[in-house]
Amino acid sequence: MLTLQDLHVSFHGTRVLQGVTFSVTHGETVGIIGPNGCGKTTLFNCISGFVDASSGTLTFQNKDISRLPPHQRAQSGLGRVFQNFGIFREMTLLENLLIAIEAKRGAANPLFPWSKRAKKNEALALSYLNEVGLAEKARSKASSLSGGQMRLLEITRTLAVGADLFLLDEPTAGVSPKMKEDVVAIIKRLQTLGKTILIIEHDITFIQKFCSRVIVLNEGRVVLDDIPERVRADERLKDIYFGRDEERVT
Amino acid sequence: MSLLFEAITSEYTIHLCVLCGLYLILAQSLNLTFGLGQLFNLAHVASYAVGAYTTALLATEAESPFWVCVTASVLTSGVFALLLGAIALRLSNDYFAIGTLAFSSVVSSLLINWRSVTHGVLGIPGIPRPDLLGADLYQNSHFLALMSIFVVVTQVLFYLLYSSPFGRALRGLAEYEQAALALGRDTRLIRNFAFFFSSAGAGLAGSLFAYYLSYIDPSSFSLGEMVFILTIVIVGRPGSYWGVIAATIFLVLLPEPLRFLQIDSAYLGPARQLIHATLLFSVVWWKRRVLFPQQRQV
Amino acid sequence: MFDILPQLLANSLITGSIYALASAGLVLTFALLRFLNFAHGHLMMVGAYTFFYFSVAHHLSLAPAAGLTILCMALLGSIVLRVFVQPFLTGNSLLPLVTTIALGSILEAVISIQFGVNVRSLPLQSGIESLEWRGIFITPLQIFIIVSAILILSALAFLIHQTGFGRRIRAVAENSAAAESLGVSRPLIVGVVFLVSVILAGFAGVLVGYETNIQPTMGGSYSIKAFAAMVLGGLGNIWGTVAGALILGLVENLSIGLDFGGYSLPAGYKDAFAFLTILAILLFRPQGLFGTRQRTT
């Protein structure tokens, strides 16, 4: 479904991604880990289209999307959840969902707020909110939500816009331990719906729960790409996270 | 009691209502870009001028009928905004404000210097009142009635815009552009549309203004005028539909009591300016924590 | 056409010098506080009227009038800083832009009420006869303008780059938290720089008053011209801004002075050049002619 081929990204002369190559098949859930600053978010930004690659190709659903602007990539099914909560805090939960429903490819946009179509959209939005337990807060501003609730809203919203591929950037960041389970639940629901998921996370034990594959990034390169058990056991993981002390033997 | 009735129906009151109507259209249309879209467009008054001059020229030189003039004004202002947008929308924040300011100043300079077209500082006199269905629109009360129709229609249109999917998408992209893009919204297109509608509204106001005053010159489209319209939107809260309506009426009427004090007419203009500027500053100071939220990005 | 070129160049130098003095103040506040002072042109206007008040209305001679003007500008500057600028520096830089827009209107209104809206000029008893040098006509006043610009700007450059105080200014401009942790008093630096900026604006305004004329509504267009010089030279870069000011003066004078095969631009379009320059630079080279991506003094 998604293929990155030899992707290179530079900022002001610093090489952030160097020759990143991997593929994700339909329905797979792949975790991406690596130390801070190794280029994970840049990788997502490149896939989403906010950052241009200096070389390499990006293929999504058998189409080369390297030249497509971000909104067209989104229209073709590429969804994104942002680390710093990409929800619109100044708008209500209902409005956040409505934007997604209205933006979905092929959606008919109602002209009048009282028309049938508008009511149908609103009902649909409420049903999405209901599934994540946020229906009572539908008309409150999104800024009143907790971190976990914001994350649920954002993932639900990406579902509502009709995304097939989900790029989740640290979905448990800023989420209380209690709500983490709700986040896990919604990710599992995405899996049962047959969605393809890429998750950036720090905790490998966490993503082990639902990832069939883990990619380890370090200094802009893919270092490991394997099933979670083998990645965990790999010596190189310790080196990447803790550094290798040349004088002592581990 | 009859004195009150006379006061209400007097030419003075009618004049105030016409002014309110004009500024209702101007402020609500600026609210679309500045309020919802967080676009600091200082060239709004230039759109106003484009509309006014289009109607003035068509009505005097080509003797075009009312509907032609109004439609032409609305469309020319809209297209003008697309030109402005092509330049200004590449700029961010501070630069956007200066860029639109510069654009507006170029227009101002053209109004004053392109004498063959605009007649420079002499302006364009003799704009006839519209000839519609036999109504005597030279009577200001009748003109006010015509204008009220336009005001109500535009306010309704803007209400529909604000509560439409377009309005939601505009508000979203103003807060977090990449999130809006990630939902599949073409942000550049949306911003251009916002500019178009906003400017078209100002163009309509310009057209009505030209008909009302029968004479226009560059001095009505100054930086001071822009600051006034901006003040209305800020005082009414940017993005708030009803707030801007209330602020328009409040700010147009607020300095009027000055007229009844025994002060020299030369002081009226600066006094109004002082009142408005002080109010602007006070509101900005009071709302400083929420007025211009930082735009979020990855 | 080219025989009048030397005169045009001289005129450019005069206009450029005034713009340089005007925009130097603007760029100081921008580099230090990261906001655009929309009322800068209006402060110029106030300086001119204040000097007018002391020297013409009260017939004081040059030195006391100048001294009192500087005092008044300093006082005004500290009020402006405390009321219109400082409370609005955290958060979006559009906030102080709007408050200075309000300030500009307030200043314009107050001066209009006090002095009337008509155009005035600062009169000169002597120094108005043109001197001639190799075909160029220039008055002693104009020479004074150029010389004072050179002296003041050089003094400013010396202050900023060669003195300890200047080092502290640069430190606060680059990273105020780090500077403060080293014991630099940010309030003192900001206060001094802002006052210098306002006094410079006032001085430039007085020169405008002598060289051309003044009216309460002139603030807006001078603010825009100062923005143009700053944008042209590179936001936050003093020498760039000075260069930008000179180029602006050059472009303005050449555009109306030269005639291109019998057609010459009406003088009124002179101002439009500043505006078009801003647009062109913002579009094609936003960092200005001499700026870098980062803002430095």
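Trainee: What makes β1(A) and β2(A) a hairpin, and which residue in the turn has a positive phi?

Mentor: Good place to start! In this predicted model, β1(A) and β2(A) have two residues between them, and the strands pair in the antiparallel sense over seven bridges. Pairing needs at least two bridges, so seven bridges qualify. In the turn, A:His12 has a positive phi of about 45°.

Trainee: Which residue is the bridge partner of A:Leu2 in β2(A)?

Mentor: The partner of A:Leu2 is A:Val24. β1(A) covers residues 2-11, while β2(A) covers residues 14-24.

Trainee: How do you know that β1(A) and β4(A) pair?

Mentor: Count the bridges again. There are five between β1(A) and β4(A), in the antiparallel sense, and the cut-off is at least two, so these strands pair as well. One example is A:Gln5, whose bridge partner in β4(A) is A:Thr57. Strand β4(A) itself runs over residues 55-60.

Trainee: How many helices and strands does chain A have?

Mentor: Chain A has nine helices and 10 strands.

Trainee: Why does the radius of gyration of chain A agree with a compact globule?

Mentor: Set the two values side by side. A compact globule with 250 residues would have a radius of gyration near 18 Å, and chain A has 19 Å, so the two agree. Along the principal axes, the C-alpha atoms of chain A fill a box of roughly 70 × 40 × 35 Å.

Trainee: What makes a residue of chain A count as buried, and what percentage do?

Mentor: The test is 20 or more other C-beta atoms within 10 Å of its own. In chain A, 43% of the 250 residues count as buried.

Trainee: How many residues does each chain bring to the contact between chain B and chain A?

Mentor: Chain B brings 20 residues and chain A brings 26. On the side of chain B that touches chain A, α8(B) and α9(B) each supply at least two residues. The largest share, six residues, comes from α8(B). That side divides into nine nonpolar, five polar and six charged residues.

Trainee: And which element gives the most to the side of chain C that touches chain B?

Mentor: This contact takes 36 residues from chain C and 36 residues from chain B. Elements giving two or more residues to the side of chain C are α4, α9 and α11 of chain C. α4(C) gives the most, with 14 residues. The side of chain C divides into 26 nonpolar, eight polar and two charged residues.

Note on methods: Residues numbered from 1 in each chain as written. Chains lettered and ligands numbered in written order. Predicted model: local features only at pLDDT ≥ 70, side-chain atom pairs only at ≥ 80, totals over all residues. Helix = DSSP H or I, 4+ residues; strand = E, 2+ residues; numbered from the N terminus. Contact = placed C-beta atoms within 7 Å. Nonpolar A, V, L, I, M, F, W, Y, C, P; charged D, E, K, R; others polar. Rg over C-alpha atoms; globule rule 2.2 N^0.38 Å. Buried ≥ 20, exposed ≤ 12 C-beta atoms within 10 Å, placed from the backbone.
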